[in-house]
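Student: Could you take a close look at the cysteines for me, and then show me how they sit in the rest of the protein? I'm new to this, so please go step by step.

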Amino acid sequence: MAALRFLLNGRPSNEDGAPPSMTVLDWLRTRAHLSGTKEGCAEGDCGVCTIVVGRSIDGSLRFQAVNSCLMMLPQIDNCAVLTVEGLAAADGALHPVQQALVDTDATQCGFCTPGFVMAMFAFHHGGEPADNAVVHEALAGNLCRCTGYSPIVAACRRIAHGPADRFVADLPGLSDALAALPRCGDYRHGAQACLMPCSLDALFAAMVEFPDAILLAGGTDLGLRVSKDREALATVIALQGVAELRRIKAHADAIEIGGAVTYTEALPHLDQHFPSFGALVRRIGSRQIRNLGTIAGNLATASPIGDTIPCLIALDATITLASRAGERVLPVESFITGYRQTALAPGEVIAAIRIPLLASGEEFAAYKVCKRFDQDISTVVAAFRLERRGGKVVTLHAAYGGIAARAMRARSIEAAVRGRPWAPAWLADVEALLARDFTPITDHRGGAAYRLRAAAGLLRRFQLEASLAEPMRVEAL
C-alpha cells in the first residue's frame with residue numbers, strides 16, 4: 001500500500017497506518033504528538049485548529065492557513081505542513097509573529113493563541129499591508145474570548161508588509177524537498193480508501209471502479225461528517241490533484257473556473273470582473289475556509305443557502321459536466337433541481353463553471369443578510385444583474401437564495417419591471433411579486449414573512465444604489 005508523504009515542520013514524514021478519514025487535526029495530536037494545534041468548534045469557525053500548508057504553485061512554494069479540523073489526512077500528501085511547534089528557531093528564538101504577540105500582551109488563557117500564530121504567519125508571508133480591512137480579513141477566521149482583539153490586531157500590524165524570517169531562506173530547500181516526494185495516488189487503511197487521481201482520465205477510471213465513492217473537492221462541507229459526526233467514509237476520491245480541474249481560463253467574453261479551483265484562487269478574477277461577487281465570497285468563510293473550499297463544491301451541495309449560487313444564476317453562468325461519455329453544459333439554475341438535489345448524473349463531475357462577463361452598461365450587485373458579518377450562514381442572499389437603456393429596464397435578473405428550498409430567479413419581478421422606468425414606483429408590489437415565485441421557509445435564522453420582507457428590501461436597496469450610481473458593496477444587514 002502506498003504511503004502519504006509530506007514535510008512536517010521541515011522534515012520528511014510519511015503515514016501508512018492511519019485511516020484516510022482521520023482529520024489532520026487528530027493526526028497531529030494523536031500520531032505526531034504535536035498538541036499545540038487545538039480543537040475548538042470542529043467545524044472551521046473558531047480557528048484554534050489553524051495550521052499552515054505549503055503547496056508548490058507555479059513553481060514556487062506558497063503558504064496558506066487552513067483549518068486542520070476539516071481536512072482529511074490524504075489532503076496533506078505532497079505538502080509542507082507547518083504547526084506552531086515548527087516556527088521557533090533551533091536555538092529557541094521566537095518567530096517574529098510569536099514575538100509580536102508577546103510584545104503586545106496579546107494572549108491570556110492561550111487556548112486560541114496557536115491558531116492566531118499560524119493565521120498571522122500566513123499573513124506575514126503574504127506580504128500584505130497593515131491596512132485595517134486587510135488585517136480584519138486575515139484574522140476573521142480566529143476567535144478569542146479573552147483579549148478583546150485589540151492587542152492581537154496590534155501584533156498583526158507589526159508583522160505586516162512581508163516576511164523577514166528564516167523561512168524565506170528555507171523556501172528553495174522546502175520546494176526541492178517537496179518535488180522529491182512521490183505522490184500517493186491510492187491510500188488505503190482497513191476498509192477505507194482515498195484515491196487521488198492526477199488527470200480526468202484517471203478520475204473517470206476511479207469513479208467506474210468505485211461508483212459509490214464520495215468526491216472530495218475542498219472538504220469544508222464534507223469535512224464536517226468526519227470532524228463532527230465521526231463518520232468512517234468508505235471510499236473518497238480527492239479532486240485537488242486533477243490538473244484539468246485546477247485551471248482558470250480567461251476568455252474575451254467569460255471566465256471559466258475549474259471544478260477544483262479554490263475560492264482563494266478564483267477571487268482575483270471575481271474582484272476584477274464582479275467586485276460585489278468577490279466581496280460576497282470573502283464573507284462565505286475565513287481565509288482558512290477559502291483556501292480549501294471551491295465554488296464547484298458550493299454548487300454540488302445544492303444548499304438553498306449556498307452563497308455563490310444566486311450570483312451564478314443572475315450572471316447566467318453555465319456548468320460543464322464531464323464524464324467518460326463526454327461533456328454536457330447546463331445553466332446553473334437548471335443544474336439545481338431541488339433541496340440539495342442536482343442534475344449531476346452518475347459518473348459525472350463538475351469540470352468547469354463559465355461566467356459570462358458583463359456587457360457594456362450592465363450592472364451587478366450581490367447582498368447577504370445574516371446575523372453577523374463574517375462566516376455566518378445566510379438568511380437571505382440576493383444577486384441582481386441589470387441592463388438599462390434610456391432610463392428604462394431592458395432586463396433584470398433577480399436571483400435569491402435562502403428564501404425557499406432552492407435558489408432561483410424571481411421571474412415575476414423580472415417580468416413586471418421589464419420595459420418600465422427604473423424608479424421606486426414599481427417596487428410597491430414587490431412582496432406580492434416575490435410570493436408568486438417563492439414559498440418561504442421558516443427556521444431559527446428567520447421566519448417566512450421576515451425572509452420575504454428582507455428579499456424585498458434588498459431589491460429596493462439595489463434600485464436606490466443603482467440609481468445613485470454608488471459603489472455597490474456586500475455589507476452586514
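Tutor: Let's begin with a word we'll need: a residue is called buried when its relative accessible area is under 20%, exposed when that figure is over 50%, and partly exposed in between. Keep in mind too that this is a predicted model.

Now to Cys370. Its relative accessible area is 7%, so Cys370 is buried. Does a cysteine tucked away like that pair up or stay single? Cys370 is in no disulfide. The nearest cysteine sulfur belongs to Cys311, and that one is 13 Å away. For a disulfide, the two sulfur atoms have to be within 2.5 Å, so this pair doesn't make the cut.

Cys144 makes a nice companion case. How many disulfides does the structure hold? Zero. Cys144 is in none either, and the nearest cysteine sulfur, that of Cys112, is 3.8 Å away. The cut-off is 2.5 Å, so the pair Cys144 and Cys112 isn't counted. Cys144 has a relative accessibility of 6%, so Cys144 goes down as buried.

Next, a phenylalanine. Phe364 sits in strand E17, which covers residues 362–369. Because its relative accessibility is 9%, Phe364 counts as buried. Here's a fun bit of folding: Phe364 and Phe277 are 87 residues apart along the chain, yet their C-alpha atoms are separated by 8.5 Å.

Ser21 gives you another view of the inside. You'll find Ser21 in the loop between strand E2 (11–15) and helix H1 (24–30). With 10% relative accessibility, Ser21 is buried. What does Ser21 touch, if we skip residues up to four places away in sequence? The list is Met72, Gln192, Val226, Glu231, Ala232 and Leu233.

Loops also hold a couple of backbone oddities. Most residues other than glycine have a negative phi. Asn78 has a positive one, near 60°. Asn78 lies in the loop between strand E4 (60–67) and strand E5 (80–82), and its relative accessible area of 11% means that Asn78 is buried. Asp316 also has a positive phi, near 60°, and is found in the loop between helix H13 (308–314) and strand E12 (318–323). At 36% relative accessibility, though, Asp316 is partly exposed.

Now zoom out to the protein chain. It has 17 helices and 20 strands. Buried residues account for 56% of its 477 residues, and you've just met several of them, including Cys370 and Cys144. Take the contacts between residues at least 6 apart in sequence: 67% of those join residues at least 24 apart.

What about overall shape? A compact globule with 477 residues would have a radius of gyration near 23 Å, and the protein chain has 23 Å, so the two agree. Along the principal axes, the C-alpha atoms fill a box of roughly 70 × 55 × 45 Å.

Finally, the outside. The protein chain exposes about 19200 Å², with carbon and sulfur atoms supplying 52% of that area. As for charges, there are 46 positive and 48 negative ones, and their mean positions are 4 Å apart.

Methods
Residues numbered from 1 in each chain as written. Predicted model: local features only at pLDDT ≥ 70, side-chain atom pairs only at ≥ 80, totals over all residues. Heavy atoms only, no water. Buried < 20%, exposed > 50% of the residue type's maximum accessible area, 1.4 Å probe, protein only. Helix = DSSP H or I, 4+ residues; strand = E, 2+ residues; numbered from the N terminus. Rg over C-alpha atoms; globule rule 2.2 N^0.38 Å. Contact = heavy atoms within 4.5 Å. Areas by Shrake-Rupley, 256 points an atom, 1.4 Å probe, with all protein chains shown as cover. Lys, Arg positive; Asp, Glu negative; His and termini not counted. Charge placed at Lys NZ, Arg CZ, Asp CG, Glu CD.
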